[in-house]
Amino acid sequence: MAEREPREDERAALDAICELEDVVRHEWLPESNTRTPDLRVTLAGQREVTVEITLFTNDAARSLRAAERRMRRKPFRELTHLWTVIVSDLSPKDRPPDRTLKNFVAAMVPVLAEAESHTGTPQQMEARANAKLDSDRYHPERSQTDWWTEPWLRSRPPGKPIQDINEWARANLAQHCDYWYPLDILDCFTDNIEPRHVRVTGPPEPARDAIGGVQVHVITSDSPAAFLAGGVDYLVPALQESINKKERRGQMANVRGEKWLVAALEGNAGGQLEGAFGPDAQPPYPDLSAVKFSHFDEVWAIAKVFGHRSLVVLRLSKTNGAPRFHTFEYP
């Protein structure tokens, strides 16, 4: 039987293994109805390794970036200036269905219009808008004012216990919170979802046709700026999801020798891994100890680094506790 043609991510996985190990031979395993692994390699010393390769796609982040493309340079008649904003959302998959980027930006427009309505320079408009958009004042853990404490304590009917803070938030938060988008603060209280952060990136420019607009850029968990906004915390659930998925499918059942999983990460994960684990990384380093290997002996994360023609590899092993980071030139 002719050897099957591997996918691009599968070829990258084999190239990474050949770069870091002395591979004597390899065999692409044929596809079958029994969900066989992808690759078998023989290393020096007759070590035999069966490799399963998976492409991890962050569907929620991809959907959010698609929404970003639809929202770029969106006109709003309520505005007379052109605004550029960055929206950071590191947990888009946890958002309720009605928390769309479109609705979020529409709720933001009155804040920007109010900033325009006061006399002053574009720089002053920018400062007013950013002060109003800041969600940290209403974050239950970061707020310095505990703005919610008094109305929560007053929520106790005579002779009855004080309402649970989550119960109170669901029923009363919008009335007591003067934040421009209380739904995000509600999610933070009730489901521990980090509020989206918005920042105006520069002074707004007057619109030539008197109809202003908003240009939106998003930061997701696999965006290059997400390393600054939230680190590579998404990597642990991404790897664990890949491991659990393969275990449920039983693709490594009854195979001989060592068992490896290679997870190819999309987006800009390569730059994030390099920043977190590379030679210039600064402590504290991300903690990957929560990754449970199940029946795999090693788990590799691989990703391309855009603009550098390189492939990065983060290698986790049951027999070597510390993650090992490698990078090599790759077309």
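Trainee: Which residues of α1 are buried?

Mentor: In this predicted model, the buried residues of α1 are D9, E10, A12, A13, L14, A16 and I17.

Trainee: How do you know that the span of helix α1 agrees with the expected one?

Mentor: Helix α1 covers residues 8-20, and its 13 residues should span 18 Å at 1.5 Å a residue. The C-alpha atoms at its ends lie 19 Å apart, so the two values agree.

Trainee: What makes the span of helix α3 agree with expectation?

Mentor: The reasoning is repeated for α3, residues 101-117. Its 17 residues should span 24 Å at 1.5 Å a residue, and the end C-alpha atoms are 25 Å apart, so there is agreement here too. Among the buried residues of α3 are L101, F104, V105, M108 and V109. V111, L112, A115 and E116 are buried in α3 as well.

Trainee: Why is C177 called buried?

Mentor: The relative accessibility of C177 is 6%. Buried means under 20%, so C177 meets the criterion with its 6%.

Trainee: Why is C18 called partly exposed?

Mentor: The relative accessible area of C18 is 37%. Partly exposed residues lie between the 20% and 50% limits, and C18 therefore belongs to that class at 37%.

Trainee: How many disulfides does a search of the whole structure find?

Mentor: The search finds zero disulfides. As an example, C177 is in none, and the nearest cysteine sulfur, that of C188, is 11 Å away. A disulfide requires the two sulfur atoms to be within 2.5 Å, a condition that C177 and C188 do not meet at 11 Å.

Trainee: What makes β5 a partner of other strands, and in which sense does β5 pair with β8?

Mentor: Pairing requires at least two bridges. Strand β5 (residues 81-88) and strand β8 (residues 213-219) are joined by seven bridges and run parallel. Within this pairing, I86 stands opposite H217 of β8.

Trainee: How many bridges join β5 and β6, and how many join β5 and β7?

Mentor: With β6 (residues 197-200), β5 forms four bridges in the antiparallel sense, and V87 has V198 of β6 as its bridge partner. With β7 (residues 205-206), β5 pairs over two bridges, also in the antiparallel sense. That count satisfies the requirement of at least two. H81 has P206 of β7 as its bridge partner.

Trainee: Why is D38 called buried?

Mentor: D38 has a relative accessible area of 9%. The limit for buried is under 20%, so D38 qualifies at 9%. D38 is located in the loop between β1 (23-28) and β2 (39-43).

Trainee: Which backbone nitrogen does the side chain of D38 reach?

Mentor: The side chain of D38 reaches the backbone nitrogen of I53 at 2.8 Å. A polar contact needs the two atoms within 3.5 Å, and the 2.8 Å between D38 and I53 fulfils this. Leaving aside neighbours within four places in sequence, the contacts of D38 include R4, E10, E27, W28 and I53.

Trainee: What makes the pair of W180 and Y181 tilted?

Mentor: The whole structure holds 11 aromatic pairs. In the pair of W180 and Y181, the ring centres are 5.7 Å apart and the planes stand at 45°, so the pair is tilted. The cut-offs are 6.5 Å for the centres, with under 30 degrees for stacked and over 60 for edge-to-face. Both W180 and Y181 are buried, and they belong to a cluster of linked ring pairs whose members include F104, Y138 and W147.

Trainee: Why is V313 called buried?

Mentor: V313 has 0% relative accessibility and therefore counts as buried. This residue lies in strand β11 (residues 310-317). Beyond its neighbours within four places in sequence, V313 contacts residues including A16, L20, W300 and F325.

Trainee: What makes the phi of D146 and of S294 worth noting?

Mentor: Most residues other than glycine have a negative phi. D146, which is not a glycine, has a positive phi near 50°, and S294, also not a glycine, has a positive phi of about 60°. D146 is in the loop between α4 (122-133) and α5 (149-153), while S294 is in the loop between α10 (269-277) and β10 (298-305). D146 counts as partly exposed at 41%, as does S294 at 28%.

Methods:
Residues are numbered from 1 along each chain as its sequence is written. This is a predicted model: local features need pLDDT of at least 70, side-chain atom pairs count only at pLDDT 80 or more; totals for chains, interfaces and linings use all residues. Side-chain values use heavy atoms; hydrogens and water are left out. Buried means under 20% relative accessible area, exposed over 50%, partly exposed in between (1.4 Å probe, protein chains only). The expected span of a helix is 1.5 Å times one less than its number of residues. A polar contact is a pair of N or O atoms within 3.5 Å; within protein, one must be able to donate a hydrogen and the other to accept it, and residues adjacent in sequence count only if both atoms are side-chain atoms. Contact means heavy atoms within 4.5 Å. Rings of Phe, Tyr and Trp (its six-membered ring) pair if their centres lie within 6.5 Å; planes under 30 degrees apart count as stacked, over 60 as edge-to-face and the rest as tilted.
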